[in-house]
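Student: I've got a model open and a few things I'd like to talk through. Can we go over it together?

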Amino acid sequence: MLIDLRELLSGSSQDLITKVNLEVNTFNNGIIDYDIIDKNEYEITITKLSSTRLSIKADTSVTLSIPCDRCLKPVDTKIDLSIDEIVDFADDASEEETQIEKDYIDGYCIDTDKLLFNELIMSIPTKTLCKNDCKGLCLICGCDLNIKECSCDREILDPRMSVFKDILNEFKEV
């Protein structure tokens, strides 16, 4: 959803409070698409700080379907988001700030989906598990070890330690 900021920047009002909805059903982090399971309507507050500076605040939560890092089963993960941004439209704003703002500001409009996605990228958990003791998939046959055990030999040894394994095998033979 695009929010027009011209009225706010022209001075006719000091605050703009509006309810917005996330308009998309998937979230792409640049690597994978996540389905958005639940998205709440949220209130965004834009406050005029000066003739060229605005404060943007919003709180919401989004539930994404993220695959388990071990067994790849989809896990519904609720992510709480809190947006607190200062936007400077001055000509002398730093280049770094302008680069970041270009993402969700188009002229004098704010794209609320891009603003929310920027926050979502920073808030996605680094490790998602379906349960704490998830066994994952067999490295050999791909069997889900949470459902059943397979008969594959999954012992992975460091090749530098193969000498010690040979010595142990010799002692077992004696």
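**Helix, core, strands and cysteines**

Tutor: Sure, and keep in mind that this is a predicted model. A good place to begin is α3, where T112, D113, L115, L116, F117 and L120 are buried.

Student: What spans should I compare for α3, the expected one and the one between its end C-alpha atoms?

Tutor: The helix has 12 residues, and at 1.5 Å a residue the expected span is 16 Å. That agrees with the distance between the end C-alpha atoms, which is 17 Å.

Student: At the start of α3, which backbone nitrogen does a side-chain oxygen of D111 reach?

Tutor: Look at the side chain of D111, at the start of the helix. One of its oxygens comes to within 3.1 Å of its target, the backbone nitrogen of D113.

Student: Which element gives the most to the largest nonpolar core?

Tutor: That core has 31 residues, and L5, F27, I44, I46, I56, L64 and I110 touch the most other members. Several elements supply at least two residues each: α1, β4, β5, β6, β7 and α3. With six residues, the one that gives the most is β6.

Student: Leaving aside neighbours within four places in sequence, which residues is I56 in contact with?

Tutor: I56 is one of the residues that touch the most other core members. Once those sequence neighbours are set aside, its contacts are I44, T45, I46, I83, D84, E85, V87, Y104, I110 and L115.

Student: Now the strands: what is the bridge partner of D35 in β6?

Tutor: Start from β3, which runs antiparallel to β4 and is joined to it by three bridges; there T26 has D35 as its partner in β4. β4 also pairs with β6, again antiparallel, over four bridges. Within β6, the partner of D35 is S65.

Student: And in the turn of the β3 and β4 hairpin, which residue has a positive phi?

Tutor: Four residues lie between the two strands of that hairpin. With a phi of about 100 degrees, the one to look at is G30.

Student: Last one: how many disulfides does the structure hold?

Tutor: The closest cysteine sulfur to that of C68 belongs to C71 and is 3.7 Å away, so it is too far for a bond. C71 is in no disulfide either, and its nearest cysteine sulfur, in C130, is 3.6 Å away. Both C68, with a relative accessible area of 1%, and C71, at 6%, are buried. The number of disulfides is zero.

Note on methods. Residues are numbered from 1 along each chain as its sequence is written. This is a predicted model: local features need pLDDT of at least 70, side-chain atom pairs count only at pLDDT 80 or more; totals for chains, interfaces and linings use all residues. Side-chain values use heavy atoms; hydrogens and water are left out. A disulfide is a pair of cysteine sulfur atoms within 2.5 Å. Buried means under 20% relative accessible area, exposed over 50%, partly exposed in between (1.4 Å probe, protein chains only). A nonpolar core is a set of buried Ala, Val, Leu, Ile, Met, Phe, Trp, Tyr and Cys residues joined through side-chain atoms within 4.5 Å. Contact means heavy atoms within 4.5 Å. The expected span of a helix is 1.5 Å times one less than its number of residues. A polar contact is a pair of N or O atoms within 3.5 Å; within protein, one must be able to donate a hydrogen and the other to accept it, and residues adjacent in sequence count only if both atoms are side-chain atoms. Two strands pair if DSSP finds at least two bridges between them.
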